[in-house]
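Reader: I have a model on my screen and want to learn to read it. Can you walk me through its features, one by one?

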Amino acid sequence: MPELEQALAEVAAEMAGRTDRGDVATYIPQLGKVDPKKFGIAAATNDGRVILAGDADQPFSIQSVSKVFTLTLALGKVGDALWQRVGREPSGNPFNSIVQLEHENGIPRNPFINAGAIVVSDILLAGHQPREAIGEILRFVQFLADDDTIIIDREVAASERATGYRNFALANYMKSFGNLHHEPELALGVYFHHCAIAMSCRQLAMAGRFLANGGRNPATGHSVVSTERARRIGALMLTCGHYDGSGDFAFHVGIPGKSGVGGGILGIVPGVASLAVWSPGLNENGNSKLGSIALEKLARMMNWSIFAP
Ligand code: GLN
């Protein structure tokens, strides 16, 4: 098996040479301005190393990767009561699909599709003004990554709000079933802002460390969530983290992952490392095309899989 440094460098070099990158998301106009040639990858290992290759220090819009952190925060607040308002099944549908909501009484299939994450935002709003809830999410992410320089890109948030008709439809529809407790406008304000958090691969890999280490930050030993909760969040990432491409990602990569339309993926190798990869071009399911391929290659090189004996 190669050293991790060497494996990351090899994967980054190979991805830099590829031209089949997929297309950058443009339905959020601000995301369409990103250079599709960017590629970064980072690993934060449980034994304290941080290994980088490519554009691993350049911040990008983490988009739906943020849903891992908002779910973690919301579970900390309301515990398993969250599951009365959000399901835990893969949707088999695109991230912004509305179809299943009608048959399931406004209860989204899982917390990682847009509808589910909007309910999670609504939960985080309880007792707060939107700006307080947004601040709490940002501080939590900064705490997880041990990095106070992480910010929210207000232009991305505004760009998404200006064009977010589908998300408004999802929120209004769930409100009609009574599954939003605040005005859709307010829950969406929280949602758009956490999707607009900008992080580098280094920062994202650092923020995911607790999931690779049984719920504890491996650097400080402090518990972020219980071991059981870390495992369950990992299970949801594996089954639902790539929308209607979740089965394919599990099949090819073999570890839990969460993607975002900014082209980022957070991957978790339990007991070993937290990984982040960024390549803005997307595949047909809205997941980073080269990011997925890079993680598949890396996992194979390092013999990483949750099914490894
Ligand atoms: N903010 C994006 C949206 O709501 C997140 C989608 C994603 O990353 N898949 O459309």
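Author: We go through the domains, the ligand, the sheets and then the helices. One caution comes before that: this is a predicted model.

Reader: Start with the domains. Which stretches of the chain make up each one?

Author: Read the bounds along the chain. Domain 1 takes 4–61 + 200–302. Domain 2 is 64–197. These bounds come from an automatic or database domain assignment. The C-alpha centres of the two domains lie 20 Å apart.

Reader: How many residues does each domain give to the contact?

Author: Domain 1 gives 30 residues and domain 2 gives 33 residues. Look at the side of domain 1 that touches domain 2. The elements giving two or more residues there are helix H9 (201–207), helix H11 (227–240), strand S6 (257–259) and strand S7 (264–269). H11 gives the most, with 6 residues. By class, that side has 17 nonpolar, 10 polar and 3 charged residues.

Reader: Now the ligand. Which residues surround the ligand?

Author: List the shell, then sort it by class. The shell holds Gln63, Ser64, Phe95, Asn96, Asn114, Glu160, Asn167, Cys195, Gly260, Val261 and Gly286. It divides into 3 nonpolar, 7 polar and 1 charged.

Reader: Why does the ligand lie between the domains?

Author: Domain 1 (4–61 + 200–302) and domain 2 (64–197) both give residues to the shell, so the ligand lies between them.

Reader: Next, the sheets. What is the strand order in the sheet of 5 strands?

Author: Read across the sheet, not along the chain. The order is S2-S1-S8-S7-S6. The sheet is open, and its pairing is antiparallel. Strand S2 (50–54) and S6 stand at the edges. Each has a single partner strand, so one side of each is left without a neighbour in the sheet. From one strand to the next, the twist averages 10°.

Reader: How many bridges join S1 to S8?

Author: Strand S1 (residues 40–45) and strand S8 (residues 273–278) run antiparallel and are joined by 6 bridges. Pick out one pair to check on screen: glycine 40 has tryptophan 278 in S8 as its bridge partner.

Reader: And what is the order in the sheet of 3 strands?

Author: That open sheet runs S3-S5-S4, with antiparallel pairing. Its edges are strand S3 (60–61) and strand S4 (151–152). Each of these has a single partner strand, so one side of each is left without a neighbour in the sheet. S3 pairs with strand S5 (residues 197–199) over 2 bridges, in the antiparallel sense. Here phenylalanine 60 stands opposite methionine 199 in S5.

Reader: Last, the helices. At what angle do H1 and H13 pack?

Author: Take the angle, the distance and the hand in turn. Helix H1 (residues 4–16) and helix H13 (residues 289–302) pack at about 145°. Their axes are 10 Å apart. The crossing is right-handed.

Reader: Which residues make that contact between H1 and H13?

Author: From H1 come Leu4, Ala7, Val11 and Met15. From H13 come Leu290, Ala294, Lys297, Leu298, Met301 and Met302. By class, the contact has 9 nonpolar residues, no polar and 1 charged.

Reader: Which strands does H13 lie across?

Author: H13 lies across S1, S6, S7 and S8. It runs at about 145° to S8.

How values were computed:
Residues are numbered from 1 along each chain as its sequence is written. This is a predicted model: local features need pLDDT of at least 70, side-chain atom pairs count only at pLDDT 80 or more; totals for chains, interfaces and linings use all residues. Axes are lines fitted to C-alpha atoms, for helices over the stretch in contact, and angles run from 0 to 180 degrees between N-to-C directions. Helices (H or I, at least four residues) and strands (E, at least two) are DSSP runs, numbered from the N terminus. A crossing is left-handed if the near helix is turned anticlockwise from the far one by less than a right angle, and right-handed if clockwise. Two residues are in contact if their C-beta atoms, placed from the backbone, lie within 7 Å. Ala, Val, Leu, Ile, Met, Phe, Trp, Tyr, Cys and Pro count as nonpolar, Asp, Glu, Lys and Arg as charged, and the others, Gly among them, as polar. A residue is near a molecule or strand if its C-beta atom, placed from the backbone, lies within 6 Å of it. Two strands pair if DSSP finds at least two bridges between them.
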